[in-house]
Amino acid sequence: MIKLESLSKHFGKAVVLDGIDLTIEKGEIVVIIGPSGTGKSTLLRCVNFLEQPTAGTMTVGDLTVDVNRASRAEILSMRRRTAFVFQNYALFANKTALQNIAERLLVVDRWPKEKAYQRAREILEQIGLADKADAYPAAMSGGQQQRVGIGRAMATGAEVILFDEPTSSLDPEWVEEVLGLMKQLASERQTMMVVTHEMSFARDVADRVIFIDGGRIVEQGPPSEIFYNPKDPRTKDFLKKILATNPV
Amino acid sequence: MDVLNVDYMLGLVPVLLTYLPLTLQLAGVGMVLALILACLFAVVRVLRIPVLNQLTIVFISFFRGTPLLVQLFLFYYGLPQLVSALTVIDGITATIMGLTMHFSAYMAESIRAAIVGVDRSQTEAALSIGMTNGQLMRRIVLPQATRVALPTLMNYFIDMIKATSLAFTLGVTELMGATQKEAAGSFLYFEAFIVAAIMYWIVVEMLSKLQHYLEIRLNKAYSR
């Protein structure tokens with residue numbers, strides 16, 4: 001379970017997150033939508049402590065921290081309970097697909113080599129890239145790289161995987177294979193927080209859709225409600241604009 | 001002026017070759033120590049570790065800003081005068097100290113630039129899977145920075161091999177010192193020094209080959 005209470009993030013005077021309260025159950029798939037620059041990515045980055053939140057408390061599993069008082073060890077522990085999938089894949093450029101996935105197990109979890117690579121091979125199998133085990137990122141397509149990025153997140157065994165616009169950098173031809181893998185994970189009830197502009201994914205896969213604007217949660221609910229019966233005028237306005245360019 | 005005394009030159013080769021190991025040892029030990037020191041300096045500078053950062057800046061400024069020969073004389077002749085216990089420093093030790101500190105100052109800056117040049121997303125990805133700063137430096141950032149810094153570092157190594165010739169001013173009989181002695185005995189200065197020059201040249205050429213091979217290896221991950 002993930003619980004955020006009054007989570008906020010300021011960059012200087014700019015308030016990017018303005019008191020976010022959010023509880024996500026184990027196995028829940030939450031999709032976050034909203035206009036650009038409204039703090040969606042920042043929210044995910046705060047949960048993984050890639051950004052230091054300004055105030056609030058955060059719970060992941062059995063660990064709760066006041067973000068201001070979190071020790072270095074607590075921040076590390078929080079990071080290890082969450083996994084991140086980056087928009088630009090951010091695979092380790094000096095490591096093969098297999099090594100990218102095994103890295104967490106080898107270095108952080110200190111598994112013996114054989115066991116770590118065994119597990120990494122299983123994951124490569126699941127993401128359909130068993131034949132790319134020894135390929136370096138530079139030699140893979142965007143879609144393949146992002147699937148390895150997801151595989152790397154899967155290997156962490158984290159409570160939640162955070163997806164930060166995972167298909168936004170992809171050429172259109174690779175989008176489906178990445179969304180397909182995410183759907184597969186969703187069907188296995190992997191807890192996920194997904195920031196995306198793929199409205200059809202949100203509608204078909206999400207348990208809950210959250211609309212964020214101006215650093216606040218404006219509206220949330222099941223996709224049927226948000227997409228077909230939005231209450232807030234800002235939600236209506238956003239959906240009208242985005243569905244015009246990305247029809248569901 | 002007669003033509004070159006080729007017989008003398010050929011005879012000199014095996015004599016001078018016996019001093020080549022010391023030259024390579026000075027450069028080899030100097031390079032390893034300089035690399036270690038330079039990596040530490042670079043990490044201190046990149047992470048801006050308080051106090052150490054300022055000390056490092058001063059250290060780099062001094063050792064880049066003064067001639068190597070002056071530094072060697074400071075270590076060999078100067079330090080023992082200040083602290084009598086340091087008279088144990090012999091010419092070889094003083095040379096290695098001088099080479100290490102002088103070249104670590106230069107190399108720290110190129111390593112730092114290479115580290116800063118590694119894409120920020122690599123660091124974030126390493127943090128996201130829960131690595132500590134030390135782990136991400138060792139496993140992700142430094143290996144990628146190495147590839148960028150390698151050509152420059154090899155240049156410094158080549159420079160260092162040639163700089164070992166200054167050790168003869170501290171009474172160390174390495175390749176240059178031995179050549180000097182041989183030439184003074186035979187008065188065949190040109191022959192003696194051209195043999196020494198060719199020896200340095202061959203060693204450096206072999207290093208260039210090694211560099212080429214290393215670059216291909218390190219670039220493996222980045223080619224399609």
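Helices (H or I, at least four residues) and strands (E, at least two) are DSSP runs, numbered from the N terminus. This is a predicted model: local features need pLDDT of at least 70, side-chain atom pairs count only at pLDDT 80 or more, and totals for chains, interfaces and linings use all residues. Residues are numbered from 1 along each chain as written, chains are lettered from A and ligands numbered from 1 in the order written, and side-chain values use heavy atoms, with hydrogens and water left out.

**Chain B**

Chain B has 9 helices and 0 strands. Its pattern along the sequence is α-α-α-α-α-α-α-α-α. The C-alpha atoms of chain B fill a box of roughly 70 × 55 × 25 Å, taken along the principal axes.

An unreviewed UniProt entry annotates residues 20–211 of chain B as "domain: ABC transmembrane type-1". UniProt positions follow the numbering used here, feature names are shortened, and annotations may be inferred rather than shown by experiment. The unreviewed entry also places "transmembrane region" at residues 20–43, 55–76, 82–103, 148–168 and 188–207 of chain B. The table covers the domain span and two of these regions.

| Span of chain B | Helix | Strand | End C-alpha distance |
|---|---|---|---|
| residues 20–211 | 83% | 0% | 21 Å |
| residues 148–168 | 76% | 0% | 34 Å |
| residues 188–207 | 95% | 0% | 29 Å |

**Interface with chain A**

The size of an interface is often given as the accessible area lost when the parts come together. Between chain B and chain A, about 2,100 Å² is buried (accessible area, 1.4 Å probe, summed over both parts). Carbon and sulfur atoms give 56% of that area. On the chain B side, B:Ser128, B:Ile129 and B:Arg139 lose the most area to chain A, together 28% of what that side buries. By contact (heavy atoms within 4.5 Å), 22 residues of chain B touch 27 residues of chain A.

**One helix pair across the interface**

Two packed helices are described by the angle between their axes and the distance between the axes. Helix H3 (residues 97–108) of chain A and helix H7 (residues 133–163) of chain B have axes that come within 12 Å and cross at roughly 140°. Axes are lines fitted to C-alpha atoms over the stretch in contact, and angles run from 0 to 180 degrees between N-to-C directions. H3(A) and H7(B) are therefore oblique to each other. Angles under 35 degrees count as roughly parallel, over 145 as roughly antiparallel, 65 to 115 as roughly perpendicular and the rest as oblique.

Which residues meet in this pair? A:Glu103, A:Val107 and A:Val108 in H3(A) meet B:Gln135, B:Arg139 and B:Ile140 in H7(B).

Definitions and conventions:
Buried area = accessible area lost by both parts, 1.4 Å probe.
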